[in-house]
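I opened this one to see how the strands and the aromatic rings fit together. My notes follow in the order I looked things up.

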Amino acid sequence: MMTCYGAIDTIELAAGESVTIDTGHVVAFDPSTTSQIRKVAGGVIQTLKSGEGYVFDFTGPGWVMTQTRNPSALQAWIRQIMPGETGGA
């Protein structure tokens with residue numbers, strides 16, 4: 001059984017085909033794919049704007065399952081609207 005936040009999309013990669021996906025959207029991937037994680041943002045401000053600032057580079061053959069929504073974005077939004085020290089209300 002698997003759950004996610006939003007809908008699940010499956011990306012099929014041919015041999016040698018590559019895709020880059022934000023880490024917050026990756027649900028699962030085929031063990032036959034090769035993957036690498038890397039930082040995409042250079043500075044603190046850019047990291048805050050792009051979420052965690054990390055992405056996965058996947059290369060086929062194989063599949064990658066993604067979720068359409070990012071749980072970290074939901075968490076950040078909830079913190080903004082919560083009253084108290086971490087929120088604005």
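**Strands, sheets and rings**

I began with S1 and strand S6 (residues 62–67), which pair in the antiparallel sense over 6 bridges. A reminder to myself: this is a predicted model. To see one bridge up close, I picked Thr 10 and found its partner in S6, which is Met 65.

Next I wanted the whole sheet. What is the order of the strands in it? I read it as S1-S6-S3, an open sheet of 3 strands with antiparallel pairing. Strand S1 (8–13) and S3 are at the edges with a single partner strand each, so one side of each has no neighbour in the sheet. I also looked up the twist: neighbouring strands here are turned by 20° against each other on average, ignoring direction.

My textbook note on pairing: strands of a sheet pair through backbone hydrogen bonds, either parallel or antiparallel.

**The other sheet**

Then I went to the open sheet with the order S2-S5-S4, which has 3 strands and antiparallel pairing. Which strands stand at its edges? They are strand S2 (18–22) and strand S4 (34–39); each has a single partner strand, so one side of each is left free of a sheet neighbour. On average, neighbouring strands of this sheet are turned by 25° against each other, direction ignored.

I zoomed in on S2 and strand S5 (residues 54–59), which run antiparallel and are joined by 5 bridges. Asp 22 is the residue I found opposite Val 55 in S5.

**Asp 57**

I stayed in strand S5 for Asp 57, which has its place there. Which side chains does Asp 57 reach by polar contacts? I noted Thr 20, at 2.7 Å, and Arg 38, at 2.5 Å. Leaving out residues up to four places away in sequence, Asp 57 touches Val 19, Thr 20, Thr 34, Ser 35, Gln 36 and Arg 38.

**The rings**

I looked for aromatic pairs and the structure holds 3 of them. Phe 29 and Phe 56 have ring centres 6.3 Å apart and planes at 50°, so I wrote this pair down as tilted. The two are 27 residues apart, with Phe 29 in strand S3 (residues 26–29) and Phe 56 in strand S5, so the pair links distant parts of the chain.

Phe 29 also pairs with Phe 58, and this pair is tilted too, at 5.0 Å centre to centre and 55° between the planes. Phe 29 lies in strand S3 and Phe 58 in strand S5, so this pair ties together parts that are 29 residues apart in sequence. I filed Phe 29, Phe 56 and Phe 58 as one aromatic cluster.

**Phe 58 and the core**

Is Phe 58 buried or exposed? It is buried, because its relative accessible area is 0%, and buried means under 20%. Phe 29 is partly exposed, with a relative accessible area of 34%.

The contact list of Phe 58, again without residues up to four places away in sequence, includes Leu 13, Ile 21, Val 26, Phe 29 and Val 64. I then checked the largest nonpolar core, which has 6 residues: Leu 13, Ile 21, Val 26, Phe 56, Phe 58 and Val 64. That reminded me of a general point: in soluble globular proteins, nonpolar side chains tend to be buried together.

Technical notes
Residues are numbered from 1 along each chain as its sequence is written. This is a predicted model: local features need pLDDT of at least 70, side-chain atom pairs count only at pLDDT 80 or more; totals for chains, interfaces and linings use all residues. Side-chain values use heavy atoms; hydrogens and water are left out. Two strands pair if DSSP finds at least two bridges between them. Helices (H or I, at least four residues) and strands (E, at least two) are DSSP runs, numbered from the N terminus. Axes are lines fitted to C-alpha atoms, for helices over the stretch in contact, and angles run from 0 to 180 degrees between N-to-C directions. A polar contact is a pair of N or O atoms within 3.5 Å; within protein, one must be able to donate a hydrogen and the other to accept it, and residues adjacent in sequence count only if both atoms are side-chain atoms. Contact means heavy atoms within 4.5 Å. Rings of Phe, Tyr and Trp (its six-membered ring) pair if their centres lie within 6.5 Å; planes under 30 degrees apart count as stacked, over 60 as edge-to-face and the rest as tilted. Buried means under 20% relative accessible area, exposed over 50%, partly exposed in between (1.4 Å probe, protein chains only). A nonpolar core is a set of buried Ala, Val, Leu, Ile, Met, Phe, Trp, Tyr and Cys residues joined through side-chain atoms within 4.5 Å.
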